[in-house]
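Colleague: Got a minute to go through this model with me? I'd like to ask about it piece by piece.

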Amino acid sequence: MALHVPKAPGFAQMLKDGAMHLSGLEEAVYRNIGACKQFSDTVKTAYGPNGMNKIVINHIDKIFITNDAATIVKELDIEHPAAKIIVFASEMQEQEVGDGTNFVIIFAGALLEQAEHLLKMGLTPVEVCEGFQVALEKTLELLPTLTCHEIKDIKNNAEQVVLTQAVKSSIMSKQYGQEQFITDLVLKACTSILPEKTTFNVDNVRVCKILGSNLYNSTVVNGMVFKRTNEGDITKQTDAKIAVYTCPIDITTTETKGTVLIKSAEELQNFSRGEEMVLEEQIKAIADAGVTVIVAGGKFGDMALHYLNKYKIMGVRLMSKFDLRRLCKSVSATALPRLTPPNKEEIGYADCVYVDELGDTSLVVFRLDGKDSRMSTIVVRGATDNYMDDIERAIDDGVNTFKGISRDGKLLPGAGAIEMELAYQVGLYADTLPGLEQYGAKRFAIALEGFVKILADNTGVKSNETLAELYSQHSKGNKNAGFNIEPKGSSLIDVTKAGIFDSYLAKFWGLQYATQAACTILKVDQIIMAKRAGGPKAPGGRAPDNDDDA
């Protein structure tokens with residue numbers, strides 16, 4: 001008779017073998033706080049222009065070398081449930097603003113670290129969360145009063161200097177040293193496609209990465225660039241009229257299967273000639289409609305290429321249906337499902353379509369020089385793929401900052417100035433609170449100070465001295481005093497004169513998401529994990545890669 005081992009009494013008795021149950025402050029809350037602190041400490045050293053890079057190897061052995069928190073978080077398959085909540089908050093920040101993911105992770109980690117001290121003092125998690133919420137409300141009330149500049153009209157030439165400085169500050173945190181050149185590329189790409197009435201769309205700025213040369217040979221092309229070569233002999237068309245087809249350019253096969261009985265050699269010749277004549281008639285009809293470039297989503301047959309060359313039509317094949325859609329949008333064409341001659345409304349237009357070669361990469365360029373260009377492409381050059389990926393991430397941050405400013409032009413002082421001013425004012429406000437929430441509000445202010453400490457530590461400066469100097473400046477009413485990362489001169493700087501600005505939207509949403517995530521984690525007092533299902537792990541539904549399919 002098998003020995004029966006009784007289960008421990010309590011909650012564990014109700015669960016299957018292998019399930020896990022953690023409860024109380026020691027087991028659940030402090031464990032969660034510890035995991036989140038370790039996670040935020042990981043990305044802390046990547047914060048600011050002097051932040052260090054991380055080498056991340058994901059589950060399919062792809063190597064990333066970056067200091068971009070969004071990429072680190074996306075590629076690390078984090079399993080801890082509490083740390084995952086912070087990951088979700090940073091992903092929401094990425095979707096909402098496109099920048100400031102590191103801010104969310106670090107601030108949520110700092111809040112939890114401060115909450116740990118309060119819990120050990122004897123406060124309950126609910127009281128701590130109330131203090132944080134009161135401080136957050138005060139912070140969001142103060143934030144609009146601390147704006148140092150507002151861009152009313154993004155197209156106004158007078159605002160261009162401040163706009164450049166705001167975009168440059170965002171790019172500087174990723175590519176310190178090359179920020180001016182990348183900013184010029186981003187602004188040139190964004191302003192060339194700025195719509196008159198509708199909002200700016202980030203997806204309309206494309207990045208094409210081509211190995212070789214160096215970053216300073218990168219250019220902006222109005223229109224689209226594809227890493228493909230042409231089909232046929234024609235390599236350039238000016239004032240091109242473009243027809244886009246989603247089907248192959250070849251002899252059409254019938255929908256149903258049929259048998260053809262051929263009795264003589266003459267009938268065989270007539271049959272194949274008939275197919276060729278049909279194809280020639282189709283391509284001639286397309287050429288008669290004025291089309292000089294055919295773009296197709298399917299293959300070009302040999303016979304079709306012969307007729308394209310005969311009628312001086314350039315052929316381009318695009319494998320991705322997303323690229324076809326973007327091209328249609330860019331050149332104002334309509335994608336046709338069958339090989340029929342297009343009418344005037346369905347034909348797209350480009351000033352020039354030509355084949356180029358950069359390094360050993362063949363390109364097809366659709367260039368639109370006029371003001372009606374809806375897409376622009378930044379052609380990035382670089383020595384390694386990893387380096388170009390990092391440049392692309394910096395460009396993405398710059399474009400998202402541009403979009404944020406086009407929606408809300410308010411700018412805040414950067415370089416840690418806004419965090420210090422908020423910490424100072426929230427600290428004063430906490431002293432006026434009568435209840436236990438004053439402890440939470442004070443710790444909220446201390447968590448905000450942490451950003452200046454991180455900037456100083458990453459630059460190699462004594463953080464406590466810098467913090468004391470900044471506090472004395474802000475207590476004297478110098479709201480724009482920030483930390484100077486340059487090695488020369490004082491460690492303090494007037495950020496408005498230096499032109500270091502932060503986006504209002506990034507801080508506004510970042511503060512909310514981080515506080516929300518920290519409060520959610522604090523209010524967890526039990527972790528119940530069911531036994532994992534057996535069998536191999538199901539493949540995760542990952543988001544499509546931007547380059548290939550999105």
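Modeller: Sure. Before we start on strands: helices and strands here are DSSP runs, at least four residues for a helix (H or I) and at least two for a strand (E), numbered from the N terminus. Bear in mind too that this is a predicted model.

Colleague: Fine. In which strand is Ile57 found, and is Ile57 buried or exposed?

Modeller: Ile57 sits in strand E2. Its relative accessible area is 52%. The cut-off for exposed is over 50%, so Ile57 counts as exposed.

Colleague: And Ile55, buried or exposed?

Modeller: Ile55 also has its place in strand E2. With a relative accessible area of 62%, Ile55 passes the mark of over 50%. That is why Ile55 is classed as exposed.

Colleague: Which residues does Ile55 touch, leaving out those up to four places away in sequence?

Modeller: Start with the backbone: Ile55 and Asn67 are twelve residues apart along the chain, and their C-alpha atoms are separated by 8.9 Å. For actual touching, heavy atoms have to be within 4.5 Å. By that rule the partners of Ile55 are Ile63, Phe64 and Ile65.

Colleague: What area does the nonpolar surface patch have?

Modeller: Ile55, Ile57, Ile63 and Ile65 make up the patch. Strand E2 (54-57) and strand E3 (63-66) are the elements giving two or more residues to it. The patch comes to about 370 Å².

Colleague: Let's move to the pairing. How many bridges join E12 to strand E13?

Modeller: E12 covers residues 348-358 and E13 covers residues 361-367. Leu358 has Thr361 in E13 as its bridge partner. The two strands run antiparallel, and the number of bridges between them is seven.

Colleague: Which residue takes a positive phi in the hairpin of E12 and E13?

Modeller: The hairpin has two residues between its strands. One of them has a phi near 65°, and that residue is Gly359.

Colleague: Which residue in E12 stands opposite Lys236?

Modeller: Strand E8 (residues 236-245) pairs with E12 in the antiparallel sense, over six bridges. Opposite Lys236, in E12, stands Tyr354.

Colleague: What is the strand order in the open sheet of three strands?

Modeller: The pairing in that sheet is antiparallel. Its edge strands are E4 (149-150) and E18 (501-503), each pairing on one side only. E4 pairs with strand E15 (residues 410-413) over two bridges, and His149 stands opposite Leu411 in E15. The order is E4-E15-E18.

Colleague: At what angle to E18 does helix H6 run?

Modeller: Helix H6 takes in residues 160-172. It lies across E4, E15 and E18. Relative to E18, H6 runs at about 75°.

Colleague: How exposed is Ala498?

Modeller: Ala498 belongs to helix H15 (residues 495-498). Its C-alpha atom is separated by 9.5 Å from that of Asn484, 14 residues apart along the chain. Ala498 has a relative accessible area of 37%, and since buried means under 20% and exposed over 50%, Ala498 is partly exposed.

Colleague: Last one, for the whole chain: what percentage of the residues count as buried?

Modeller: The chain holds 16 helices and 19 strands. It exposes about 27500 Å², with carbon and sulfur atoms supplying 52% of that. Of its 550 residues, the share that counts as buried is 47%.

Definitions and conventions: Residues are numbered from 1 along each chain as its sequence is written. This is a predicted model: local features need pLDDT of at least 70, side-chain atom pairs count only at pLDDT 80 or more; totals for chains, interfaces and linings use all residues. Side-chain values use heavy atoms; hydrogens and water are left out. Two strands pair if DSSP finds at least two bridges between them. Axes are lines fitted to C-alpha atoms, for helices over the stretch in contact, and angles run from 0 to 180 degrees between N-to-C directions. Patches are made of residues with over 30% relative accessible area and no salt bridge: like charges are joined within 9 Å, nonpolar side chains (Val, Leu, Ile, Met, Phe, Trp, Tyr) within 5 Å. Accessible areas come from the Shrake-Rupley method with a 1.4 Å probe; for residues, only the protein chains shown count as cover. A salt bridge is a side-chain nitrogen of Lys or Arg within 4 Å of a carboxyl oxygen of Asp or Glu. Buried means under 20% relative accessible area, exposed over 50%, partly exposed in between (1.4 Å probe, protein chains only).
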